[in-house]
Amino acid sequence: MIDQIVIVGFGCIGQAVLPLLERAWPRAAITVVDRLLDDRRRELVVAHGLRAVQARITADNFQTVLAPLLRPGAFLLSVAPAVCSRDLIALAQSRGAFYVDAGVEPWDYADDAHASQLSNYALREAMLAFARGRQTQPTALVAHGANPGMVSVLAKAALMELAGRAGLKQAAFQDRAGWAALARSLDVRVIQISEYDSQQVPGFPRDGEFASTWSAEGFITECLQDAELGWGTHEPALPSGGYRHNFGCGAAIGIDRPGHRTRVRSWSPLHGAFDAYLITHNESISIAAYLTDDAAGQPLYRPTVYYAYRPTDATLASMQWLDARAAPRVRRVRILRDEIVGGEDELGVLLLSGRYGGIWYGSQLGIQRARSLAPYNSATSLQVASSLVAGMRWVLSNPRCGVVESDAVDFRSVLADAAHWWGPLGGHATDWLPKPGATSLAFGDFLLDEPLP
(Lines give C-alpha, C1' and ligand atoms only; values in the text may rest on other atoms or scores of the structure.)
Protein backbone atom coordinates (compact mmCIF):
# COMPACT_ATOMS: atom_id res chain seq x y z
CA MET A 1 0.00 0.00 0.00
CA ILE A 2 1.16 3.53 -0.81
CA ASP A 3 -0.25 6.52 1.04
CA GLN A 4 2.01 9.28 -0.34
CA ILE A 5 3.33 9.89 -3.87
CA VAL A 6 5.47 12.83 -4.97
CA ILE A 7 5.75 13.41 -8.73
CA VAL A 8 8.62 15.58 -9.96
CA GLY A 9 7.52 16.83 -13.37
CA PHE A 10 3.86 17.40 -14.25
CA GLY A 11 4.14 17.55 -18.01
CA CYS A 12 3.23 14.86 -20.53
CA ILE A 13 4.15 11.78 -18.48
CA GLY A 14 3.33 13.28 -15.08
CA GLN A 15 -0.21 13.94 -16.26
CA ALA A 16 -0.48 10.61 -18.07
CA VAL A 17 0.43 8.55 -15.01
CA LEU A 18 -2.01 10.38 -12.72
CA PRO A 19 -5.18 8.38 -13.52
CA LEU A 20 -3.27 5.10 -13.28
CA LEU A 21 -1.89 6.02 -9.87
CA GLU A 22 -5.36 6.96 -8.64
CA ARG A 23 -6.73 3.64 -9.84
CA ALA A 24 -3.91 1.61 -8.27
CA TRP A 25 -3.73 3.50 -4.95
CA PRO A 26 -6.97 5.49 -4.56
CA ARG A 27 -6.18 6.63 -1.02
CA ALA A 28 -2.70 7.95 -1.75
CA ALA A 29 -2.07 11.67 -1.30
CA ILE A 30 -0.36 12.94 -4.47
CA THR A 31 1.89 15.99 -4.65
CA VAL A 32 3.10 17.35 -7.99
CA VAL A 33 6.19 19.53 -8.34
CA ASP A 34 6.78 21.41 -11.58
CA ARG A 35 8.60 24.52 -12.75
CA LEU A 36 5.39 25.69 -14.46
CA LEU A 37 1.85 25.45 -13.13
CA ASP A 38 -0.12 26.88 -16.03
CA ASP A 39 -3.92 26.96 -16.31
CA ARG A 40 -4.16 23.39 -17.59
CA ARG A 41 -2.01 22.00 -14.82
CA ARG A 42 -3.89 23.98 -12.18
CA GLU A 43 -7.19 22.64 -13.51
CA LEU A 44 -5.91 19.08 -13.06
CA VAL A 45 -4.62 19.89 -9.59
CA VAL A 46 -8.06 21.12 -8.54
CA ALA A 47 -10.00 18.36 -10.34
CA HIS A 48 -7.95 15.60 -8.71
CA GLY A 49 -7.43 17.14 -5.29
CA LEU A 50 -3.66 17.25 -5.60
CA ARG A 51 -1.13 19.26 -3.67
CA ALA A 52 0.99 21.34 -6.04
CA VAL A 53 4.39 22.96 -5.60
CA GLN A 54 5.64 25.33 -8.28
CA ALA A 55 9.43 25.11 -8.32
CA ARG A 56 12.19 24.37 -10.78
CA ILE A 57 14.15 21.58 -9.11
CA THR A 58 17.88 22.31 -9.19
CA ALA A 59 21.05 21.07 -7.54
CA ASP A 60 20.78 24.00 -5.11
CA ASN A 61 17.18 23.55 -3.96
CA PHE A 62 16.13 19.91 -4.40
CA GLN A 63 16.68 19.00 -0.76
CA THR A 64 14.90 22.09 0.54
CA VAL A 65 11.88 21.57 -1.74
CA LEU A 66 11.54 17.80 -1.71
CA ALA A 67 12.76 16.59 1.71
CA PRO A 68 9.70 17.94 3.61
CA LEU A 69 7.44 16.04 1.18
CA LEU A 70 9.01 12.63 1.81
CA ARG A 71 8.60 10.20 4.69
CA PRO A 72 9.20 6.45 5.12
CA GLY A 73 7.13 4.42 2.66
CA ALA A 74 6.45 7.36 0.35
CA PHE A 75 7.17 7.15 -3.37
CA LEU A 76 9.25 9.70 -5.26
CA LEU A 77 8.45 9.45 -8.97
CA SER A 78 10.76 11.49 -11.20
CA VAL A 79 9.62 12.20 -14.76
CA ALA A 80 11.34 15.56 -15.28
CA PRO A 81 14.27 16.07 -17.65
CA ALA A 82 17.62 17.33 -16.34
CA VAL A 83 16.89 16.52 -12.68
CA CYS A 84 19.73 14.38 -11.36
CA SER A 85 18.60 10.83 -10.66
CA ARG A 86 21.44 10.03 -8.25
CA ASP A 87 20.80 13.03 -6.04
CA LEU A 88 17.07 12.31 -5.88
CA ILE A 89 17.70 8.65 -5.03
CA ALA A 90 20.08 9.61 -2.23
CA LEU A 91 17.47 11.99 -0.83
CA ALA A 92 14.63 9.47 -1.10
CA GLN A 93 16.63 6.71 0.57
CA SER A 94 17.74 9.03 3.35
CA ARG A 95 14.06 9.68 4.07
CA GLY A 96 13.09 5.99 3.89
CA ALA A 97 11.19 6.56 0.64
CA PHE A 98 11.05 4.54 -2.56
CA TYR A 99 12.01 5.85 -5.98
CA VAL A 100 11.19 5.21 -9.65
CA ASP A 101 12.14 7.19 -12.75
CA ALA A 102 11.78 6.90 -16.53
CA GLY A 103 15.44 7.55 -17.36
CA VAL A 104 18.78 8.27 -15.74
CA GLU A 105 19.21 12.06 -15.77
CA PRO A 106 22.02 14.54 -14.98
CA TRP A 107 21.47 18.09 -13.77
CA ASP A 108 22.34 19.74 -17.08
CA TYR A 109 23.11 18.26 -20.49
CA ALA A 110 24.63 21.59 -21.60
CA ASP A 111 27.64 20.99 -19.36
CA ASP A 112 29.28 18.90 -22.09
CA ALA A 113 28.50 19.73 -25.72
CA HIS A 114 29.57 16.31 -27.03
CA ALA A 115 28.12 14.44 -24.04
CA SER A 116 31.30 12.45 -23.39
CA GLN A 117 30.47 12.39 -19.68
CA LEU A 118 26.73 12.81 -20.24
CA SER A 119 26.32 9.95 -22.68
CA ASN A 120 23.96 7.20 -21.61
CA TYR A 121 27.02 4.98 -21.20
CA ALA A 122 28.66 7.42 -18.80
CA LEU A 123 25.45 8.16 -16.90
CA ARG A 124 24.82 4.45 -16.41
CA GLU A 125 28.38 3.84 -15.21
CA ALA A 126 28.03 6.68 -12.71
CA MET A 127 24.73 5.17 -11.50
CA LEU A 128 26.31 1.74 -11.06
CA ALA A 129 29.16 3.25 -9.04
CA PHE A 130 26.66 5.16 -6.92
CA ALA A 131 24.66 1.96 -6.31
CA ARG A 132 27.57 0.06 -4.75
CA GLY A 133 27.17 -0.23 -1.01
CA ARG A 134 23.49 0.71 -1.11
CA GLN A 135 22.10 -2.81 -1.66
CA THR A 136 19.95 -2.84 1.49
CA GLN A 137 18.59 0.70 1.13
CA PRO A 138 14.94 1.34 0.13
CA THR A 139 14.50 0.25 -3.46
CA ALA A 140 15.12 2.73 -6.26
CA LEU A 141 14.14 1.38 -9.71
CA VAL A 142 15.93 3.41 -12.37
CA ALA A 143 15.11 3.93 -16.06
CA HIS A 144 11.80 2.11 -15.92
CA GLY A 145 9.56 3.85 -18.40
CA ALA A 146 8.60 2.15 -21.65
CA ASN A 147 12.04 2.43 -23.19
CA PRO A 148 14.21 2.33 -21.29
CA GLY A 149 12.35 0.08 -18.89
CA MET A 150 9.62 -2.23 -20.09
CA VAL A 151 11.60 -3.16 -23.20
CA SER A 152 14.08 -4.99 -20.94
CA VAL A 153 11.13 -7.03 -19.71
CA LEU A 154 9.97 -7.62 -23.29
CA ALA A 155 13.47 -8.81 -24.24
CA LYS A 156 13.18 -11.64 -21.71
CA ALA A 157 9.70 -12.54 -22.92
CA ALA A 158 11.01 -12.59 -26.49
CA LEU A 159 13.91 -14.86 -25.51
CA MET A 160 11.46 -17.27 -23.93
CA GLU A 161 9.26 -17.30 -27.01
CA LEU A 162 12.19 -17.73 -29.37
CA ALA A 163 13.42 -20.62 -27.23
CA GLY A 164 10.02 -22.24 -27.53
CA ARG A 165 9.97 -21.81 -31.30
CA ALA A 166 13.50 -23.26 -31.49
CA GLY A 167 12.46 -26.29 -29.46
CA LEU A 168 14.77 -25.46 -26.58
CA LYS A 169 13.80 -26.03 -22.96
CA GLN A 170 12.03 -22.94 -21.62
CA ALA A 171 12.91 -21.75 -18.16
CA ALA A 172 12.64 -18.38 -16.47
CA PHE A 173 16.09 -17.68 -15.09
CA GLN A 174 16.75 -15.99 -11.79
CA ASP A 175 20.11 -14.43 -12.63
CA ARG A 176 21.93 -12.58 -15.36
CA ALA A 177 24.21 -15.52 -16.19
CA GLY A 178 21.25 -17.73 -17.03
CA TRP A 179 19.67 -15.20 -19.38
CA ALA A 180 23.01 -14.52 -21.09
CA ALA A 181 23.56 -18.25 -21.58
CA LEU A 182 20.08 -18.59 -23.11
CA ALA A 183 20.67 -15.70 -25.53
CA ARG A 184 24.00 -17.26 -26.50
CA SER A 185 22.47 -20.71 -27.05
CA LEU A 186 19.86 -19.08 -29.31
CA ASP A 187 22.61 -17.26 -31.23
CA VAL A 188 20.80 -13.95 -30.78
CA ARG A 189 23.07 -11.44 -32.49
CA VAL A 190 20.89 -8.34 -32.74
CA ILE A 191 18.28 -6.84 -30.42
CA GLN A 192 16.63 -3.74 -31.81
CA ILE A 193 14.26 -1.73 -29.68
CA SER A 194 12.01 -1.21 -32.67
CA GLU A 195 9.43 1.59 -32.55
CA TYR A 196 7.18 2.93 -35.30
CA ASP A 197 4.86 5.71 -34.10
CA SER A 198 2.14 6.20 -36.73
CA GLN A 199 -0.11 8.44 -34.65
CA GLN A 200 -1.47 11.07 -37.03
CA VAL A 201 -1.64 14.78 -36.25
CA PRO A 202 -2.73 16.89 -39.24
CA GLY A 203 -1.47 20.46 -39.41
CA PHE A 204 1.62 20.07 -37.25
CA PRO A 205 4.32 21.12 -36.80
CA ARG A 206 4.11 24.85 -37.43
CA ASP A 207 7.09 26.94 -38.45
CA GLY A 208 9.90 26.63 -35.90
CA GLU A 209 7.83 24.27 -33.73
CA PHE A 210 9.10 20.91 -32.47
CA ALA A 211 6.20 18.52 -31.95
CA SER A 212 6.45 15.17 -30.17
CA THR A 213 4.19 12.58 -28.56
CA TRP A 214 6.34 12.71 -25.42
CA SER A 215 8.91 15.18 -24.04
CA ALA A 216 9.97 17.40 -26.95
CA GLU A 217 12.91 18.73 -24.94
CA GLY A 218 13.94 15.20 -24.05
CA PHE A 219 13.84 13.98 -27.62
CA ILE A 220 15.76 17.00 -28.91
CA THR A 221 18.51 16.23 -26.38
CA GLU A 222 18.64 12.58 -27.51
CA CYS A 223 18.75 13.59 -31.18
CA LEU A 224 21.76 15.86 -30.65
CA GLN A 225 23.79 13.35 -28.63
CA ASP A 226 26.11 10.80 -30.20
CA ALA A 227 24.44 7.61 -31.38
CA GLU A 228 25.15 4.82 -28.87
CA LEU A 229 24.67 1.07 -29.05
CA GLY A 230 25.54 -2.12 -27.23
CA TRP A 231 28.31 -3.77 -29.23
CA GLY A 232 28.11 -7.47 -30.04
CA THR A 233 30.96 -9.94 -30.02
CA HIS A 234 30.02 -11.05 -33.56
CA GLU A 235 30.76 -7.61 -35.04
CA PRO A 236 33.75 -7.62 -37.43
CA ALA A 237 34.74 -3.94 -37.14
CA LEU A 238 33.66 -0.63 -35.67
CA PRO A 239 31.47 1.54 -37.92
CA SER A 240 32.91 4.71 -39.41
CA GLY A 241 33.26 7.20 -36.56
CA GLY A 242 32.77 4.46 -33.98
CA TYR A 243 34.70 4.58 -30.70
CA ARG A 244 35.05 2.49 -27.57
CA HIS A 245 35.08 3.80 -24.01
CA ASN A 246 38.19 3.63 -21.86
CA PHE A 247 36.23 3.09 -18.65
CA GLY A 248 33.38 0.97 -17.38
CA CYS A 249 31.95 -2.33 -18.53
CA GLY A 250 32.88 -1.94 -22.21
CA ALA A 251 29.53 -3.28 -23.40
CA ALA A 252 28.77 -0.36 -25.71
CA ILE A 253 30.27 1.98 -28.26
CA GLY A 254 29.47 5.47 -29.50
CA ILE A 255 29.45 6.89 -33.01
CA ASP A 256 30.83 10.36 -33.55
CA ARG A 257 27.68 11.81 -35.08
CA PRO A 258 24.30 12.68 -33.61
CA GLY A 259 21.47 10.19 -33.53
CA HIS A 260 19.23 12.26 -35.77
CA ARG A 261 21.81 11.83 -38.53
CA THR A 262 22.26 8.09 -38.03
CA ARG A 263 19.71 5.89 -39.79
CA VAL A 264 19.21 2.11 -39.67
CA ARG A 265 16.83 -0.45 -41.13
CA SER A 266 14.27 -2.06 -38.86
CA TRP A 267 11.10 -4.16 -39.01
CA SER A 268 7.76 -4.40 -37.23
CA PRO A 269 4.69 -6.62 -37.78
CA LEU A 270 2.33 -3.81 -38.84
CA HIS A 271 4.72 -1.79 -41.00
CA GLY A 272 7.23 -4.34 -42.27
CA ALA A 273 10.68 -2.99 -43.11
CA PHE A 274 11.19 0.70 -42.37
CA ASP A 275 13.91 3.31 -41.95
CA ALA A 276 14.57 4.51 -38.41
CA TYR A 277 16.93 6.70 -36.42
CA LEU A 278 19.51 5.20 -34.06
CA ILE A 279 18.79 7.28 -30.98
CA THR A 280 20.88 6.90 -27.83
CA HIS A 281 19.02 5.19 -24.97
CA ASN A 282 19.96 3.63 -21.65
CA GLU A 283 18.50 0.22 -22.55
CA SER A 284 20.86 -0.16 -25.51
CA ILE A 285 23.68 -0.43 -22.98
CA SER A 286 21.94 -2.13 -20.05
CA ILE A 287 20.47 -4.98 -22.14
CA ALA A 288 23.80 -5.57 -23.88
CA ALA A 289 25.61 -5.63 -20.53
CA TYR A 290 22.99 -7.88 -18.93
CA LEU A 291 23.17 -10.44 -21.76
CA THR A 292 26.97 -10.56 -21.88
CA ASP A 293 28.21 -14.10 -21.26
CA ASP A 294 31.41 -13.59 -19.30
CA ALA A 295 31.33 -16.77 -17.24
CA ALA A 296 34.88 -17.55 -18.34
CA GLY A 297 36.13 -14.17 -17.14
CA GLN A 298 35.93 -12.43 -20.50
CA PRO A 299 33.04 -11.55 -22.82
CA LEU A 300 32.56 -14.66 -24.93
CA TYR A 301 29.18 -13.47 -26.15
CA ARG A 302 27.19 -10.27 -26.34
CA PRO A 303 24.43 -9.17 -28.74
CA THR A 304 24.40 -5.82 -30.54
CA VAL A 305 21.59 -3.72 -29.04
CA TYR A 306 20.19 -0.36 -30.13
CA TYR A 307 17.06 1.78 -30.35
CA ALA A 308 15.62 2.13 -33.86
CA TYR A 309 12.95 4.85 -33.76
CA ARG A 310 10.60 6.05 -36.47
CA PRO A 311 8.64 8.92 -34.86
CA THR A 312 5.36 10.44 -36.06
CA ASP A 313 5.25 12.34 -39.34
CA ALA A 314 4.85 15.55 -37.33
CA THR A 315 8.02 14.83 -35.35
CA LEU A 316 9.91 13.85 -38.50
CA ALA A 317 8.99 17.22 -39.97
CA SER A 318 10.07 18.93 -36.74
CA MET A 319 13.53 17.41 -37.02
CA GLN A 320 14.28 19.72 -39.96
CA TRP A 321 14.87 22.48 -37.36
CA LEU A 322 17.80 20.60 -35.83
CA ASP A 323 21.37 21.44 -36.74
CA ALA A 324 24.04 18.79 -36.20
CA ARG A 325 24.66 19.55 -32.51
CA ALA A 326 22.22 22.32 -31.65
CA ALA A 327 18.64 23.40 -32.15
CA PRO A 328 18.75 27.21 -32.62
CA ARG A 329 15.84 27.18 -35.05
CA VAL A 330 13.43 25.55 -32.60
CA ARG A 331 11.37 28.43 -31.22
CA ARG A 332 8.73 26.47 -29.32
CA VAL A 333 7.82 22.89 -28.42
CA ARG A 334 4.51 21.07 -28.44
CA ILE A 335 3.33 17.81 -26.90
CA LEU A 336 0.91 16.03 -29.23
CA ARG A 337 -2.02 14.37 -27.48
CA ASP A 338 -5.53 15.69 -27.96
CA GLU A 339 -4.74 16.62 -31.59
CA ILE A 340 -4.04 12.98 -32.55
CA VAL A 341 -6.72 11.60 -34.90
CA GLY A 342 -5.54 8.03 -35.48
CA GLY A 343 -2.69 5.54 -35.58
CA GLU A 344 -0.77 3.53 -33.04
CA ASP A 345 2.60 3.38 -31.33
CA GLU A 346 4.08 0.01 -32.26
CA LEU A 347 6.86 -0.57 -29.74
CA GLY A 348 8.71 -3.82 -29.19
CA VAL A 349 12.01 -5.67 -29.25
CA LEU A 350 13.22 -7.32 -32.45
CA LEU A 351 15.50 -10.30 -31.76
CA LEU A 352 17.43 -11.66 -34.74
CA SER A 353 19.24 -14.98 -34.45
CA GLY A 354 21.85 -16.37 -36.78
CA ARG A 355 20.28 -19.79 -36.34
CA TYR A 356 16.56 -19.49 -35.52
CA GLY A 357 15.29 -16.48 -37.45
CA GLY A 358 13.70 -13.53 -35.71
CA ILE A 359 10.92 -12.55 -33.37
CA TRP A 360 9.37 -9.17 -32.65
CA TYR A 361 7.71 -8.99 -29.23
CA GLY A 362 5.82 -5.90 -28.18
CA SER A 363 2.81 -3.60 -28.18
CA GLN A 364 0.60 -2.34 -31.00
CA LEU A 365 -1.38 0.09 -28.88
CA GLY A 366 -3.67 2.40 -30.83
CA ILE A 367 -4.75 5.91 -29.89
CA GLN A 368 -8.44 5.06 -29.53
CA ARG A 369 -7.80 2.20 -27.14
CA ALA A 370 -5.33 4.30 -25.16
CA ARG A 371 -7.95 7.02 -24.70
CA SER A 372 -10.57 4.46 -23.65
CA LEU A 373 -8.24 3.14 -20.95
CA ALA A 374 -7.07 6.38 -19.34
CA PRO A 375 -7.59 10.13 -19.80
CA TYR A 376 -4.69 12.51 -20.50
CA ASN A 377 -2.95 9.90 -22.63
CA SER A 378 -1.74 9.06 -26.11
CA ALA A 379 -0.58 5.56 -27.04
CA THR A 380 2.99 6.68 -26.37
CA SER A 381 2.40 8.15 -22.93
CA LEU A 382 0.24 5.24 -21.75
CA GLN A 383 3.03 2.78 -22.49
CA VAL A 384 5.36 4.86 -20.31
CA ALA A 385 2.85 5.54 -17.55
CA SER A 386 1.77 1.91 -17.18
CA SER A 387 5.41 0.82 -17.05
CA LEU A 388 6.05 3.23 -14.20
CA VAL A 389 3.10 1.88 -12.22
CA ALA A 390 4.13 -1.73 -12.88
CA GLY A 391 7.60 -0.82 -11.66
CA MET A 392 6.18 0.73 -8.50
CA ARG A 393 4.28 -2.49 -7.77
CA TRP A 394 7.50 -4.46 -8.15
CA VAL A 395 9.29 -2.09 -5.76
CA LEU A 396 6.59 -2.61 -3.13
CA SER A 397 7.18 -6.37 -3.37
CA ASN A 398 10.95 -5.88 -3.20
CA PRO A 399 11.36 -2.97 -0.77
CA ARG A 400 15.03 -3.23 0.28
CA CYS A 401 17.04 -3.85 -2.89
CA GLY A 402 18.96 -0.60 -3.22
CA VAL A 403 19.38 0.69 -6.78
CA VAL A 404 17.97 -1.67 -9.42
CA GLU A 405 17.93 -1.61 -13.23
CA SER A 406 14.92 -2.83 -15.20
CA ASP A 407 16.94 -5.76 -16.53
CA ALA A 408 17.08 -7.30 -13.04
CA VAL A 409 13.36 -7.26 -12.17
CA ASP A 410 11.08 -10.31 -12.27
CA PHE A 411 9.90 -10.02 -15.85
CA ARG A 412 6.77 -12.18 -15.40
CA SER A 413 5.16 -10.08 -12.68
CA VAL A 414 6.03 -6.75 -14.28
CA LEU A 415 4.82 -7.90 -17.70
CA ALA A 416 1.58 -9.17 -16.18
CA ASP A 417 0.96 -5.81 -14.49
CA ALA A 418 1.52 -3.83 -17.70
CA ALA A 419 -0.04 -6.20 -20.26
CA HIS A 420 -3.57 -4.80 -20.00
CA TRP A 421 -2.37 -1.29 -20.82
CA TRP A 422 0.00 -2.37 -23.61
CA GLY A 423 -2.42 -4.61 -25.51
CA PRO A 424 -2.46 -5.94 -28.07
CA LEU A 425 0.81 -7.40 -26.84
CA GLY A 426 2.61 -10.48 -28.11
CA GLY A 427 5.22 -12.10 -30.31
CA HIS A 428 5.50 -12.26 -34.10
CA ALA A 429 7.99 -14.49 -35.93
CA THR A 430 9.85 -13.07 -38.94
CA ASP A 431 12.50 -14.11 -41.45
CA TRP A 432 13.30 -10.47 -42.29
CA LEU A 433 16.90 -9.49 -43.02
CA PRO A 434 18.23 -5.94 -43.56
CA LYS A 435 19.72 -7.03 -46.90
CA PRO A 436 19.35 -10.20 -48.97
CA GLY A 437 21.87 -12.72 -47.71
CA ALA A 438 22.92 -10.63 -44.69
CA THR A 439 23.05 -13.70 -42.48
CA SER A 440 25.98 -12.50 -40.39
CA LEU A 441 23.69 -9.78 -39.01
CA ALA A 442 26.61 -7.36 -38.71
CA PHE A 443 25.73 -3.77 -37.83
CA GLY A 444 27.00 -2.49 -41.18
CA ASP A 445 24.17 -4.34 -42.92
CA PHE A 446 21.60 -2.30 -40.95
CA LEU A 447 23.30 1.09 -41.14
CA LEU A 448 21.90 3.25 -43.96
CA ASP A 449 24.07 6.35 -44.05
CA GLU A 450 27.69 7.24 -44.17
CA PRO A 451 28.62 10.27 -42.03
CA LEU A 452 27.65 13.60 -43.49
CA PRO A 453 30.59 15.85 -44.55
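Author: A residue is called buried when its relative accessible area is under 20%, and the model discussed here is a predicted one.

Reader: Is Leu-441, in the segment after β19, buried or exposed, and what is its relative accessible area?

Author: Leu-441, found in the segment that follows β19 (425-430), has a positive phi of about 60° although it is not a glycine. Since burial asks for a value under 20%, Leu-441 counts as buried, with a relative accessible area of 1%.

Reader: Ala-82 also has a positive phi although it is not a glycine; what is its relative accessible area?

Author: The phi of Ala-82 is about 55°, and this residue has its place in the loop between β4 (75-78) and α4 (85-94). A residue that is neither under 20% nor over 50% is termed partly exposed, and Ala-82 is described in that way because its relative accessible area is 26%.

Reader: Which strands hold Phe-75 and Phe-98, and how many residues apart in sequence are the parts that their pair ties together?

Author: Phe-75 and Phe-98 form a tilted aromatic pair, with 5.4 Å from centre to centre and 45° between the planes. Phe-75 counts as buried at 0% relative accessibility, and Phe-98 is buried as well, with a relative accessible area of 10%. Phe-75 lies in strand β4 and Phe-98 in strand β5 (residues 98-101), so the pair ties together parts whose separation in sequence is 23 residues.

Reader: How many aromatic pairs does the structure hold, and which residues form one aromatic cluster?

Author: The structure holds 13 aromatic pairs, and the one between Phe-75 and Phe-98 is tilted. One aromatic cluster is formed by Phe-210, Trp-214, Phe-219, Tyr-307 and Tyr-309.

Reader: Where is Pro-205 found, and what is the omega of the peptide bond from Phe-204 to Pro-205?

Author: Pro-205 has its place in the loop that runs between β7 (188-197) and β8 (209-212). The peptide bond that leads from Phe-204 to Pro-205 is cis, with omega near 5°.

Reader: Which element gives the most to the lining of the second largest pocket, and with how many residues?

Author: The second largest pocket has a volume of about 390 Å³, and of the 22 residues that line this pocket, the closest to its centre are Arg-124, Leu-128, Arg-176, Ala-289 and Glu-405. The elements that give two or more residues to this lining are α5 (120-131), α9 (282-290) and β18 (403-405). By class, the lining has 11 nonpolar, 5 polar and 6 charged residues. The element that gives the most is α5, with 4 residues.

Technical notes
Residues numbered from 1 in each chain as written. Predicted model: local features only at pLDDT ≥ 70, side-chain atom pairs only at ≥ 80, totals over all residues. Heavy atoms only, no water. 1 Å grid on protein atoms, 1.4 Å probe; cavity = no way out; pocket = protein on both sides within 12 Å on 5 of 7 lines; lining within 4 Å. Points joined across faces, edges and corners; volume = space filled by probe spheres on them. Nonpolar A, V, L, I, M, F, W, Y, C, P; charged D, E, K, R; others polar. Buried < 20%, exposed > 50% of the residue type's maximum accessible area, 1.4 Å probe, protein only. Phe/Tyr/Trp six-rings, centres within 6.5 Å; stacked < 30°, edge-to-face > 60°.
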